[in-house]
Amino acid sequence: FLSTNMGNGPGKAKVADVLTLTVEDVNEGLWAELPDPANMSEEDIDQELEYLGVDPTEVALEDKSKCLFLVRNPDFWRTHYNTHPAKSRVSAWMMVHRSYRGYSEKIVKNAEAASSAASDSERKTKLGRVKEALDQYEKKLEGHGGFEDEQLFKFFQECVQTEGDIIATNLEDLNNQHKDTEFATAVRTAIEAAVSGGTAELAALVDAAKKYHEHQLEHMRQEERTLVGPWLGLSEEKYNKYRSYVKFPYSFMY
């Protein structure tokens with residue numbers, strides 16, 4: 001329901017509309033180190049609002065400061081992106097993330113089902129389902145992570161970030177996480193141990209699956225926190241540049 005400024009491509013959110021929304025306060029990590037809007041110049045506030053997808057024109061400074069305090073919260077636009085005029089830029093990516101949370105959770109549920117199996121044959125069947133769910137999810141992640149590293153992240157790293165800013169710092173970490181196989185390997189090792197093991201090995205599998213799931217949730221949350229606001233805020237020129245980075249088949253999705 002946010003208003004559209006037709007002079008800025010798909011539109012910027014209006015300050016008055018943003019101020020009707022709420023989000024739980026986040027005061028952690030790099031976001032906690034950002035300057036207080038109350039101590040910023042109006043020019044700097046306007047620039048950051050534009051960067052985060054908000055139109056600052058013809059708005060009182062006090063309201064702009066309140067708005068900036070909201071939208072720079074890393075959970076604001078990942079929570080409310082559907083209200084933004086440029087929501088189509090991020091909606092498919094966010095939808096994929098929602099589905100991936102379900103795939104990851106399925107690994108945990110299958111591990112829990114295996115741990116309560118009534119017989120050895122049932123346990124082995126259900127352990128096979130854990131492996132199948134993990135294999136299916138990891139295959140999906142391979143393509144998705146490749147798109148992010150080679151197209152989405154690459155654009156932001158080459159065209160948007162500045163040295164030492166939040167995007168630069170977080171995308172470097174997220175790139176490294178895409179290469180990290182520690183949590184998936186732990187689940188596979190636990191599956192193998194549980195095939196011939198007992199209660200302790202099954203409990204270890206559930207624990208490994210839960211840690212893997214939690215790692216996936218945090219990874220996606222960090223991606224969304226880092227990119228959704230700046231992605232929505234891209235100028236039409238910058239967004240067209242982004243589109244030049246997106247290759248088939250992802251050009252039909254993102």
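**Close-up 1. S119 in the loop between α5 (91-115) and α6 of a predicted model.** Helices are DSSP runs of H or I with at least four residues, numbered from the N terminus. S119 counts as partly exposed because its relative accessibility is 33%, between the limits for buried (under 20% relative accessible area) and exposed (over 50%; 1.4 Å probe, protein chains only). The side chain of S119 makes a polar contact with the side chain of S121 at 3.2 Å, and a polar atom of the S119 side chain also lies 3.2 Å from the backbone nitrogen of E122. A polar contact is a pair of N or O atoms within 3.5 Å, of which, within protein, one must be able to donate a hydrogen and the other to accept it, while residues adjacent in sequence count only if both atoms are side-chain atoms.

**Close-up 2. The kink in α6.** A kink of about 40° is centred on F153, the bend at a residue being the angle between axes fitted to the seven residues ending there and the seven starting there.

**Close-up 3. The buried residues of helix α10 (residues 236-245).** These are Y239, Y242 and Y245. Seen down the axis of α10, they fall within an arc of 100°, so they line one face of the helix; the arc is that of the directions from the helix axis to the C-beta atoms. Their cover includes α6 (120-159) and α9 (199-233).

**Notes.** Residues are numbered from 1 along each chain as its sequence is written. In this predicted model local features need pLDDT of at least 70 and side-chain atom pairs count only at pLDDT 80 or more, whereas totals for chains, interfaces and linings use all residues, and side-chain values use heavy atoms, with hydrogens and water left out.

Conventions
Helices (H or I, at least four residues) and strands (E, at least two) are DSSP runs, numbered from the N terminus. Contact means heavy atoms within 4.5 Å.
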